[in-house]
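Here's a quick briefing to read with the sequence and the model side by side. Have a look at the picture, then work through the notes below.

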2 protein chains.
Amino acid sequence: MARSVLGRGTARERVLEAAMALFGEHGVNGTSLQMIAARLGVGKAAVYYQFRSKEDLVLAVVEPIYDDMARLVTIAEALSTAEARRDVVVSGLIEMCVRHRRLAAVLYGDPAVDSLVQSRPELAATVEQFTALVTGGNLDTHGRVILAMIVNGIYTAAIDPNLADISDADLLQSLQAGTRHLIKML
Amino acid sequence: MARSVLGRGTARERVLEAAMALFGEHGVNGTSLQMIAARLGVGKAAVYYQFRSKEDLVLAVVEPIYDDMARLVTIAEALSTAEARRDVVVSGLIEMCVRHRRLAAVLYGDPAVDSLVQSRPELAATVEQFTALVTGGNLDTHGRVILAMIVNGIYTAAIDPNLADISDADLLQSLQAGTRHLIKML
DNA sequence: GTCTATAATCCGATAGAC
DNA sequence: GTCTATCGGATTATAGAC
């Protein structure tokens, strides 16, 4: 169990950490395994020792957020009305985005992650259920646009690099306030 | 001036159209010139006849939106107060996102586009001025988060595929209403 | 666990025939 | 204007030495 000069934790954790940082900067398709290895000061084969393919690595990076999402879906689906389900999912989304702030920035809208998710039935199902819970209930055109502003606003405000200096607690509070304000317009 | 079997307009316009569609689906880094050529039913060299490099092609695809942004910056900078400038830029952003709905989806957050913009001083300057105008004035932490929700909410609601069925006019109206509502919280 | 070496593939880009 | 052919380089991934 020799460890590299840079970073802490297990070799696997250090690869995940480096991958996350580089995915965030260059996107998944713009990040080669060579770049990840170089950042860690190791050879390309050292990365392949931890993950048998790039797809496996991306999946491992992305896993924690989809675990949270699946948990949130399970909780919300136990509720009885569409409005209650949406409220739980949206406020759960806020907490999720804040908790996984750095990670969320990585996968949000990345086409490589999107197609990877679509290729895995469990992940695709979770995303589909999540979307259904958010857009559930009968909304008119105006409501749908406002709801999209809320959900995407939460997501992208949480990951905005310009807001990186704001603490998790402050961010959480402001997102909750803004959401409460907008959700009245539905 | 022979023209290919598929599509309309000049050869250059057809390449731009195909590139935009594929960039939106797979991202810039996930789209090879071979894919673009294949979609048009031509060879790779036919694309290189219209654009001397992939960078040139990406630049040409992205150009219209940065032209609009530069125009908006010029108009806003002539105003006297920070609040007036921000109002003009934000409402201009709404119109811009609706007008370039499909294109905006392509470049929003694409790392390849980001680094291309950063490598071109004119484009980088325009983006920087735009950001400065939006975040101008003195805002507290809460205001900064709300503003990020507004701006990113506008952007991503305009490009949301789930809202593709909504007309430009309806989308414009709802975005303006939601923004007016949220901007009171600043 | 990490290394070098290498295989197979794909990329962007160029040259030149037609 | 479009084609084929090809170059050099980078990529994912594997094999085997240490």
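Is Gly178(A) buried or exposed, and what is its relative accessible area? Gly178(A) is buried, because its relative accessible area is 0% and anything under 20% goes in that class. Keep in mind that this is a predicted model. Chain A is built from 10 helices and 0 strands, and chain B superposes on chain A with an RMSD of 0.1 Å.

**Chain A as a whole**

- Reading from the N terminus, you just meet one helix after another: α-α-α-α-α-α-α-α-α-α.
- Along its principal axes, the C-alpha atoms of chain A take up a box of roughly 55 × 35 × 25 Å.
- Of the 186 residues in chain A, 46% are buried.
- Take the contacts in chain A between residues at least 6 apart in sequence: 71% of them link residues at least 24 apart.
- About 9,300 Å² of chain A is exposed, and 53% of that comes from carbon and sulfur atoms.
- On the charge side, chain A has 18 positive and 21 negative charges, and the mean positions of the two sets sit 5 Å apart.

**How the two copies relate**

- Any two copies of a chain are related by a rotation about an axis plus a shift along it.
- Here, putting chain B onto chain A takes a rotation of 180 degrees, with 0.0 Å of shift along the axis.
- That makes it the relation of a two-fold axis.
- In chain B, Gly153(B) has the C-alpha nearest that axis, at 2.1 Å.
- Both copies use the same surface, since 100% of the contact residues of chain B turn up again in chain A.

**Gly178(A), reaching across to chain B**

- You'll find Gly178(A) in helix H10 of chain A, which covers residues 168–183.
- Beyond its neighbours within four places in sequence, Gly178(A) contacts Ile146(B), Met149(B), Leu182(B) and Met185(B).
- Back in its own chain, Gly178(A) and Ile150(A) are 28 residues apart in sequence, with 8.4 Å between their C-alpha atoms.

**Leu103(A), tucked inside chain A**

- Leu103(A) belongs to helix H6 of chain A, residues 101–107.
- With a relative accessible area of 6%, Leu103(A) counts as buried.
- Which residues does Leu103(A) touch, leaving aside its neighbours within four places in sequence? They are Met20(A), Val61(A), Pro64(A) and Ile65(A).
- Val62(A) is 41 residues away from Leu103(A) along the chain, yet their C-alpha atoms are separated by 7.6 Å.

**Two spots in chain B: Asp68(B) and Gly92(B)**

- Asp68(B) sits in helix H4 of chain B, residues 54–77.
- Although it is an Asp, Asp68(B) is buried, because its relative accessibility is 10%.
- Met96(B), Arg99(B) and His100(B) are in contact with Asp68(B), once its neighbours within four places in sequence are set aside.
- Gly92(B) is part of helix H5 of chain B, residues 82–99.
- The relative accessible area of Gly92(B) is 14%, so Gly92(B) is buried.
- From Gly92(B) to Leu116(B) you go 24 residues along the chain, and their C-alpha atoms are 24 Å apart.

**Cysteines**

- How many disulfides does the structure hold over all chains? The count is 0.
- Cys97(A) is buried, because its relative accessibility is 2%.
- In the other copy, Cys97(B) has a relative accessibility of 1%, so Cys97(B) is buried too.

How values were computed:
Residues are numbered from 1 along each chain as its sequence is written. Chains are lettered from A and ligands numbered from 1 in the order in which they are written. This is a predicted model: local features need pLDDT of at least 70, side-chain atom pairs count only at pLDDT 80 or more; totals for chains, interfaces and linings use all residues. Side-chain values use heavy atoms; hydrogens and water are left out. Helices (H or I, at least four residues) and strands (E, at least two) are DSSP runs, numbered from the N terminus. Buried means under 20% relative accessible area, exposed over 50%, partly exposed in between (1.4 Å probe, protein chains only). Contact means heavy atoms within 4.5 Å. Accessible areas come from the Shrake-Rupley method with a 1.4 Å probe; for residues, only the protein chains shown count as cover. Lys and Arg count as positive and Asp and Glu as negative; His and the chain ends are not counted. The place of a charge is taken as NZ of Lys, CZ of Arg, CG of Asp or CD of Glu. Copies are superposed by least squares on the C-alpha atoms of residues with pLDDT of at least 70 in both. A disulfide is a pair of cysteine sulfur atoms within 2.5 Å.
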